[in-house]
Amino acid sequence: MGTEFVITEAAPKDAGELLEYLKIVGSETDNLSFGAQGLPISVEQEREFLKTIQDSPVSAMFLAKKNGRIIGNANFEGFTKERMKHRGTFGISVIKEEWGRGVGSRLLEKIIAFAGNEAHAEIISLEVQSNNERAIRLYRKYGFEKIGTFRGFTKVDGKYLDFDLMNLYLEG
């Protein structure tokens, strides 16, 4: 079955490796909000972002690592405004060679546990490309439901791509 992977909480020291991982995963699919260029930020900016996440009681980022190499990541950002603090947003990515091996499921389980138990969120929201059937199946498996479609959510090579909006209701 291959080498097992571990899930760890992202730390500022992971900034450089994480930015390189995002370039790889961004080059493998049009399902993300960025492409092969990754994120347009410096290692120092990513380090600061990871420190902010690490220090936040309502946000978290988890990394899946195999043989010490990042193969997936997921983050939850809880809202802090009084009228919105019952919810947060979620994002995930896994490198293509690891698709179908449980990495996404394990990351999603960590996010759901963090959101409900530590961030005290009641609703987790996400956006997923409407034709990304593999991801939509995963989200449905964990109870997410489609609440609508955002037409033209991203634009890749001059072509608009639609994304489904999905929520997981943790309470009530």
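The buried residues of helix α2 are E46, L50 and I53, and in this predicted model they cover an arc of only 60 degrees around the axis, which puts them on the same side of α2. The helix itself has 13 residues and spans 18 Å from its first C-alpha to its last, which is close to the 18 Å expected at 1.5 Å a residue.

Helix α2, residues 43-55, also belongs to the surroundings of the largest pocket, where it is one of the elements that each supply at least two lining residues, together with α1 (15-28), β3 (69-78), β4, α3, β5 (123-129) and α4 (133-141). This pocket holds about 1,100 Å³ of space, and of the 42 residues that line it, those closest to its centre are L32, G91, I92, S93 and Y139. Which element gives the largest share of the lining? That share, six residues, comes from β4. Sorted by class, the lining consists of 21 nonpolar, 14 polar and seven charged residues.

Charged residues also take part in another feature of the structure, its salt bridges, of which there are 12. Side chains of opposite charge can pair when their charged atoms come close. One of these pairs is formed by E4 and R106, whose side chains meet with a distance of 3.3 Å from N to O. Because E4 lies in the segment before β1 (6-9) and R106 in helix α3 (residues 103-118), the pair ties together parts that are 102 residues apart in sequence. As for their surroundings, E4 is exposed, with a relative accessible area of 55%, while R106 is partly exposed, at 31%.

A second salt bridge joins the side chains of K66 and E98, with 3.0 Å from N to O. Here K66 lies in strand β2 (residues 59-66) and E98 in the loop between β4 (87-94) and α3, so this pair ties together parts that are 32 residues apart in sequence. Are these two partners buried or exposed? K66 is buried, with a relative accessible area of 14%, and E98 is buried as well, with a relative accessible area of 4%.

A third pair links K146 with D164, and the closest N and O atoms of this salt bridge are 3.6 Å apart. Since K146 lies in strand β6 (residues 145-156) and D164 in strand β7 (residues 159-169), the pair ties together parts that are 18 residues apart in sequence. K146 is partly exposed, with a relative accessible area of 44%, whereas D164 is buried, with a relative accessible area of 7%. Beyond such pairs, salt bridges that share partners join K13, D14, E17 and K65 into one network.

The two strands of the K146 and D164 pair, β6 and β7, lead to a last residue, G158, which is placed in the loop between them. G158 counts as exposed, because its relative accessibility is 61% and exposed stands for values over 50%. Its C-alpha atom and that of S42 are separated by 27 Å, and these two residues are 116 residues apart along the chain.

Conventions:
Residues are numbered from 1 along each chain as its sequence is written. This is a predicted model: local features need pLDDT of at least 70, side-chain atom pairs count only at pLDDT 80 or more; totals for chains, interfaces and linings use all residues. Side-chain values use heavy atoms; hydrogens and water are left out. A salt bridge is a side-chain nitrogen of Lys or Arg within 4 Å of a carboxyl oxygen of Asp or Glu. Helices (H or I, at least four residues) and strands (E, at least two) are DSSP runs, numbered from the N terminus. Buried means under 20% relative accessible area, exposed over 50%, partly exposed in between (1.4 Å probe, protein chains only). On a 1 Å grid over the protein atoms alone, a cavity is a set of points where a 1.4 Å probe fits but cannot get out, and a pocket is an open set with protein on both sides within 12 Å along at least five of seven lines; lining residues have an atom within 4 Å of a point. Grid points are joined across faces, edges and corners, and a volume is the space filled by probe spheres set on the points. Ala, Val, Leu, Ile, Met, Phe, Trp, Tyr, Cys and Pro count as nonpolar, Asp, Glu, Lys and Arg as charged, and the others, Gly among them, as polar. The expected span of a helix is 1.5 Å times one less than its number of residues. The arc is that of the directions from the helix axis to the C-beta atoms.
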